[in-house]
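Q: I have a new model on my screen and I'd like to learn how to read it. Can we go through it feature by feature?

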Amino acid sequence: MRSISASVALLGTLSGCFLFPPGTTADETGAADEPDEYEDVGDFRLRWGSDGGYEDYADWTKEWLEGSNDYLNEQYRLPIDIDIRHEKCGMENATWDGERITMCYEMEARVVELFDGALETEEDILSASSAAWVFILFHEVGHGLIDVYGLPVPGREEDAVDSFSAVALIDGGAPDAVVYAALFWLLIEQDSGGEPNFADEHSMNMQRFYSLLCWVYGSDPRGYEYLVEIFPDLESRIAGGRCEAEYEQQSDSWHELLEPWYQ
Ligand SMILES: [Zn+2]
């Protein structure tokens, strides 16, 4: 593997194509025989807490997050309102607590700090950070949808919602955001340097890194062939069309689970 900075810098040249295309929707399904229980009576609602020294982050993420929020509301019927709150938390975190999503400025700052150490231009740093931040948001949205829709989760929910986030971003026309999210976990791993916590409910950072690369590659092998050149270890994961199959299975599973809830 090349040095991490060189690899991330190479990917940095690809930034700038993450905006969700307007009006992107999933397959039209079931409008005619739509049962009342799937009525759309709620929305995702962005909320901004006091900036507490993070004014810049609040400013530059707003546009990106508003686009993502519109996309979510165009995609999903909600039985309740779900607030997505940005605020200073006193810790690096992003959570779904059963009622709302909280995105902590401290964690956002950490995302920017890591990309700042790996990319050159401010534009690349902000694009990469925004992309990874929206991936993290969609991961929390995945927890929220599982909860409010009462969806079954056969396996570890943390892995499932990484997969939800990847599928939603790829469907939404922002597959490169998944690549930047993968790089975020690579950078975190490089930066943390501590002993792995095998008891943690999440997969290891490097497992998340390779899984995300695998899924985005699987969604478009030709378009993401370059990932294998940059990260040759990916070769063993993609062999035999495994990543295409893995991505298709996850995409089909999410679409089947979410079908009654699509707008
Ligand atoms: Zn989670």
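**Reading the fold, step by step**

Q: Let's start with a single strand. Which residues of strand β2 (residues 82-87) are on the covered face, and which are on the uncovered one?
A: Before that, keep in mind that this is a predicted model. The general idea is that in a regular strand the side chains alternate between the two faces of the sheet. Here, Ile82, Ile84 and His86 of β2 make up the covered face, while Asp83, Arg85 and Glu87 sit on the uncovered one.

Q: How do I see what β2 pairs with? How many bridges join strand β1 (residues 44-48) to β2?
A: Look at the neighbours on either side and check which way they run. β1 and β2 are parallel and joined by five bridges. To get the register, find residues that face each other: Phe44 has Ile82 in β2 as its bridge partner, and Arg47 stands opposite Arg85. Between the two strands the chain passes through helix α2 (residues 55-75), giving a β-α-β crossover that is left-handed.

Q: And which strand is joined to β2 over four bridges?
A: That's strand β4 (residues 101-104), again in the parallel sense. For the register there, Glu87 has Cys104 in β4 as its bridge partner.

Q: What is the order of the strands in the whole sheet?
A: Walk across the sheet rather than along the sequence. You get β1-β2-β4-β3, an open sheet of four strands with mixed pairing. β1 and β3 (94-96) are the edge strands, each pairing on one side only. From one strand to the next, the twist averages 15°.

Q: Which strands does α2 touch?
A: For a helix on a sheet, ask what it touches and which way it points. α2 packs on the sheet against β1 and β2, and its direction makes about 165° with that of β1. Then there is α4, which lies across β2, β3 and β4 and runs at about 15° to β3.

Q: How far apart are the end C-alpha atoms of helix α4 (residues 122-149)?
A: Compare the real span with the expected one. With 28 residues at 1.5 Å a residue, α4 should span 40 Å, and its end C-alpha atoms are 39 Å apart, which agrees. Just after α4 comes Gly150, with a positive phi near 65°.

Q: Is α4 largely enclosed or largely open?
A: Count its buried residues. In α4, 21 of the 28 are buried, so the helix is largely enclosed by the rest of the structure.

Q: What about α7: how many of its 15 residues are buried?
A: Twelve of them are, so α7 is also largely enclosed by the rest of the structure. Among those buried in α7 are Phe209, Leu212, Leu213, Trp215 and Val216. The cover over its buried residues includes α5 (157-171), α6 (175-192), α8 (225-230), α9 (234-238) and α10 (242-258). Helix α7 (residues 205-219) reaches 21 Å from its first C-alpha to its last, close to the 21 Å expected.

Q: Which residues have the most contacts inside the largest nonpolar core?
A: Look for buried nonpolar residues that link up. The largest nonpolar core has 71 residues, and Val178, Ala181, Ala182, Leu213 and Val216 have the most contacts inside it. The largest share of this core, twelve residues, comes from α4. As an example of such contacts, leaving aside residues up to four places away in sequence, Ala182 touches Phe209, Leu212 and Leu213.

Q: Loops look harder. What does Gly42 touch?
A: Place the residue, then look for its distant partners. Gly42 is in the loop between α1 (4-12) and β1. Not counting residues up to four places away in sequence, Gly42 touches Leu78, Pro79, Ile80, Asp81 and Ile82. Gly42 and Ile80 are 38 residues apart in sequence, yet 4.3 Å apart in space, C-alpha to C-alpha. Gly42 is partly exposed, with 15 other C-beta atoms within 10 Å.

Q: Last one: how many helices and strands does the chain have?
A: Ten helices and four strands. Along the sequence they follow the pattern α-β-α-β-β-β-α-α-α-α-α-α-α-α. Of the chain's 263 residues, 39% count as buried.

Methods. Residues are numbered from 1 along each chain as its sequence is written. This is a predicted model: local features need pLDDT of at least 70, side-chain atom pairs count only at pLDDT 80 or more; totals for chains, interfaces and linings use all residues. A residue is buried if 20 or more other C-beta atoms lie within 10 Å of its own, exposed if 12 or fewer, and partly exposed in between; C-beta atoms are placed from the backbone. Two strands pair if DSSP finds at least two bridges between them. A crossover is right-handed if, with the strands pointing away from the viewer, the path from the first strand over the helix to the second runs clockwise. The expected span of a helix is 1.5 Å times one less than its number of residues. A nonpolar core is a set of buried Ala, Val, Leu, Ile, Met, Phe, Trp, Tyr and Cys residues joined through C-beta atoms within 7 Å. Two residues are in contact if their C-beta atoms, placed from the backbone, lie within 7 Å. Axes are lines fitted to C-alpha atoms, for helices over the stretch in contact, and angles run from 0 to 180 degrees between N-to-C directions.
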